[in-house]
Structures are given as C-alpha cells and as structure tokens.
Amino acid sequence: MSRPLILGIETSCDETGVAVVSGNEILATVLSSQVDEHSRFGGVVPEVAARAHVEAIRPMVHMALRQAGVHSDQLDAVAATRGPGLVGALMVGYSFAKAMAWTLDTPFVGVDHMEGHLFAPRLEHTEFEPPAIVLLASGGHSQIVHVRNWGEYEILGATIDDAAGEAFDKIARFMGLGFPGGPAIDKAADGGDPDIVRFPRALRDQPYNFSFSGLKTSVITYLEKAKASNSVPPLPDVAAAVQEAIVDVLVAKTFNATTATGVNRVAGGGGVLANRRLRSKLQAEADKRGVALHLPSPALCTDNGAMIAAAGEFRLERGETTPWGLDVSSSLRLGS
Ligand code: KG4
Ligand code: ZN
C-alpha cells in the first residue's frame, strides 16, 4: 500500500524548509536560508526571520510541488512546525499550511519541531525503530531522549543553560568566525590538534544533563590571557579544542544512557549532528560497544521540511490531526 503524500513545512527559526514526502521517499526538498540576512547581526533576529519567511513561503511551496511533480490536490495532508521556535517565524509556515489544508479540504497536522528532528533518521534508515536513545542537539535544544516507542518519549537529560549549537554560535562569534558558528568551527578545526588546549567539561557528576555556558566563559578568558601574552595557538588548534569540549560531553552522556537503559540503538538529530567530529566520535563509540547508530545525512540534521513531513505522517496515521483553532506554541515540549 502506498504511503500518504505529505507536504512538510518548517519555519521555526531561520530556514524556510518545504518538502514533499511519501513514506521514506523524499520526492522534493527545498530550503531558503536566511544566513545572509542575519549574519550582519551575528545571530537570528526574530522580526527579520518572520519577514523573510513571508517572502519565501509561497515560492518555496510551489518549487517543492513542482520538483516533486505533484499537484496540490494530490496531497493527503499538510504538516507544519507548531513549535518550539520563534513565534513570528512559526506563525508564517503554520498559518500558510493551515490555509492550504483548509482550501484543499485535506488534513492539517501541527508538528513538534523536536519530534521532527527525532524522525529525520528514519527517512534514510528504515531499520531505525524504538527502543532507542536519541541525541537531539540544535541551536535551541540539547536533549537525550529515551524513545520507548514512537510517540513515547522520556527526556533523560537536557542542557541547564545554553544549547550545544548556541555554544558553537556564541564562541564562534567571539572568535570572529561568523554566523552560524557550528559549521564555522567545524571547518576552522580542520587539521587542528584538540589537545593543545583543554577546555573544561561541565557537569561530570550528572549522567545526562549538559551545561555549556561555562565553556564560553573559559574560552573567552583563555583567549584574552593568551592574547595579552602573545601566545595564542593557531586557530585550527583552538577551534578543535572548543569542538572537542562540546563533542566529548555529548558523546559521553549519550552512551551513559545506553549503559543505564540497556538500549543498544542510538540515533541523532538537530543541526549539531552535522558536525563531522561528533559524527565520527559517535560512530567510533557505537562500534566499540556494538551499538547500532543512525545519523541522518547532514542536510537532514539541520532544519528541513522533510523531517516535519515524516513526523506529520506518524501523527496523521494515529488520527491526530490538528484542530483548526489550535495555535502555534513557541515553548512546546517534546512529549507534552
Ligand atoms: O536544528 P538546527 O538547524 O536549528 C535549530 O533547531 O536550532 O540547528 C542549528 C544549529 C546552529 O547552532 C548551528 O551552529 C549548528 O546547529 N550546526 C552545527 C553544524 N552545523 C550546524 N554545529 C556544529 N557543527 C556543524 N557542522
Ligand atoms: Zn532544529
């Protein structure tokens, strides 16, 4: 039996992502990135994001449908991110999707953005099934989730301050590497030696929680002192050391969860999972322990419409369409 044809729309932050998906088949996925609009401010400006989504949403939806060779009245559902995210940005995609579903007389599904990241690995790894430990790390969230079943999530740990992506972004900004900081540090760390400098790993006494704001402070303090004494190490070494400090704790705490739960399957989602060092360290640890690892390809780690369609299909199949009166929720929490 063919799987439903779903249009997925993502506008929670600074990417207008639209995709047409049927089961594991991504018929089209398009993205309009706002990096240029935000980079001169050094971070995402909510009003600028909302306005850019308004401009991009219609052409992106048309482009995705055209690329997929699908007419809108063939769609079985329209799914859009309901939260968490920037409220003005969310409203653009969510309202557009709702209006489209209403006009087409087809179901509308509001999707939790983090559940979207959680379903992303399944688009390429059909064998990814619960129970699993999933590391979700993005610009706004860092969580270790025990997926007991699809739709049944226990958040084992989360960041108590900055998210991992936020740490990459803030530290990169201080180092003058530009925005977004994650890809910039990933690139700057090429060929660097992560052991020349060792930045602290926080919350060692807690198995699953993260803290990244102290890392930012110690990088700033270290670089200011090193500058004063004219002893700043080469950029690749500093970038590699920063990256290592973030990656180390993400990997260690993910596998704390497999040990404690006995679950032998790990997956990941969110922009930070595009990080090459994180991917290789997760793979090495998974191999060492005989644990299966399912990572989406980098373009499906960062925000995209396909993951929203995938999570939307799951909710649709359970009969959980979203009432027309339900609004966006900027602080939506996975599993609530
Ligand atoms: O999931 P995502 O695209 O958007 C949010 O939901 O926040 O994640 C964006 C975050 C940003 O903080 C960005 O710097 C980070 O993911 N990121 C990376 C890499 N690519 C994106 N962090 C580290 N290494 C990367 N290669
Ligand atoms: Zn995201």
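**Exercise 1.** Determine which ring lies beneath the charged end of arginine 122.

*Solution.* The charged end of arginine 122 is placed over the ring of tryptophan 150, at 4.7 Å from its centre. A charge sits over a ring if NZ of Lys or CZ of Arg is within 6 Å of the ring centre and within 35 degrees of the ring normal.

The model is predicted: local features need pLDDT of at least 70, side-chain atom pairs count only at pLDDT 80 or more, and totals for chains, interfaces and linings use all residues. Residues are numbered from 1 along each chain as its sequence is written, chains are lettered from A and ligands numbered from 1 in the order in which they are written, and side-chain values use heavy atoms, with hydrogens and water left out.

**Exercise 2.** State how many aromatic pairs the structure holds, and name the members of one cluster.

*Solution.* Step 1: rings of Phe, Tyr and Trp (its six-membered ring) pair if their centres lie within 6.5 Å; planes under 30 degrees apart count as stacked, over 60 as edge-to-face and the rest as tilted. Step 2: there are eight aromatic pairs in the structure. Step 3: one aromatic cluster is formed by Tyr94, Trp102, Phe108 and Trp324.

**Exercise 3.** Describe the surroundings of ligand 1.

*Solution.* Step 1: ligand 1 is surrounded by 20 residues (a heavy atom within 4 Å). The closest are Gly139, Asp169, Gly182, Asp186 and Asp303.

Step 2: consider the polar contacts (pairs of N or O atoms within 3.5 Å). A polar side-chain atom of histidine 117 is 3.1 Å from an oxygen atom of the ligand, and a backbone N or O atom of glycine 139 is 2.9 Å from an oxygen atom of ligand 1.

Step 3: taken alone, ligand 1 exposes 550 Å², of which the protein buries 89% (Shrake-Rupley method, 1.4 Å probe).

Step 4: helix 4 (113-124), helix 5 (164-174) and helix 6 (181-188) are the elements that give two or more residues to the shell around ligand 1. Helices (H or I, at least four residues) and strands (E, at least two) are DSSP runs, numbered from the N terminus. Helix 6 contributes the largest share, four residues.

**Exercise 4.** Locate two cis peptide bonds.

*Solution.* Step 1: proline 130 and proline 131 are joined by a cis peptide bond with omega of about 0°. Proline 131 belongs to the loop between helix 4 and strand 6 (132-137). Step 2: another cis bond, with omega of about -5°, joins phenylalanine 179 and proline 180. Proline 180 lies in the loop between helix 5 and helix 6.

Key
Polar contact = N/O pair within 3.5 Å; in protein donor to acceptor, adjacent residues only side chain to side chain.
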